[in-house]
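Open the model in your viewer and switch to cartoon view. Have the selection tool ready.

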Amino acid sequence: MSSERPESRERERVELLQGTLDLIVLQALSTMGAQHAYGLAARLEQVADHRFTLNQGTLYPALVRLEQKGWIKGAWQTTENNREAKFYTITKPGTRALEKQTARWRRIAGLVEKLLLNET
């Protein structure tokens, strides 16, 4: 059992700004290809530099929202463990949305960077 208190572990976790999860999921599907939710969450946790945990209550609503927008498409397939899972792929409208969301993110990140450096 870890000697860390739950509060300190919680503070170390990366918190997502509203709207960034969509960008992360779209980019991941664009670069990694078709993924099921568990595999997507595991891969994102693996590549993150900091503690980054996506729970089902966060990831599944995002996948549903992106699918409803037509930015991703889900299809049932068999996993490597011989289980049925919904695999998601990015669509052409999703690729266009990814480009727009990436540009938006870069503008926001640039603004935050300027503010942090006090370069107004």
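This tour goes from the sheet to the helices. Keep in mind that the model is predicted.

**Stop 1: the sheet.** Select residues 35-36, 72-78 and 84-90. These three strands form an open sheet. Their order is 1-3-2, and the pairing is antiparallel. Which strands sit at the edges? They are strand 1 (35-36) and strand 2 (72-78), and each pairs on one side only.

**Stop 2: a bridge.** Strand 1 and strand 3 pair over two bridges. Pick His-36, then look for its bridge partner in strand 3, Phe-87.

**Stop 3: across the sheet.** Now select helix 2, residues 20-32. Helix 2 packs on the sheet and touches strand 1, strand 2 and strand 3. Compare its direction with that of strand 3: the angle is about 95 degrees.

**Stop 4: helix 4.** Select residues 56-69. How far apart should the ends of this helix be? At 1.5 Å a residue, its 14 residues should span 20 Å. The end C-alpha atoms are 20 Å apart, so the two values agree.

**Stop 5: two faces.** Show the side chains of Leu-59, Ala-62, Leu-63 and Leu-66, the buried residues of helix 4. They cover an arc of only 100 degrees around the axis, so they lie on the same side of helix 4. Why can residues three or four places apart point the same way? An α-helix has 3.6 residues a turn. The buried residues of helix 4 pack against helix 2, helix 3 (37-47), strand 2 and strand 3. Turn to the face away from the buried side: exposed Gln-56, Gly-57 and Gln-68 are there.

**Last stop.** Click Gly-70, just after helix 4. Its phi is positive, about 85 degrees.

Note on methods. Residues are numbered from 1 along each chain as its sequence is written. This is a predicted model: local features need pLDDT of at least 70, side-chain atom pairs count only at pLDDT 80 or more; totals for chains, interfaces and linings use all residues. Side-chain values use heavy atoms; hydrogens and water are left out. Two strands pair if DSSP finds at least two bridges between them. Helices (H or I, at least four residues) and strands (E, at least two) are DSSP runs, numbered from the N terminus. Contact means heavy atoms within 4.5 Å. Axes are lines fitted to C-alpha atoms, for helices over the stretch in contact, and angles run from 0 to 180 degrees between N-to-C directions. The expected span of a helix is 1.5 Å times one less than its number of residues. Buried means under 20% relative accessible area, exposed over 50%, partly exposed in between (1.4 Å probe, protein chains only). The arc is that of the directions from the helix axis to the C-beta atoms.
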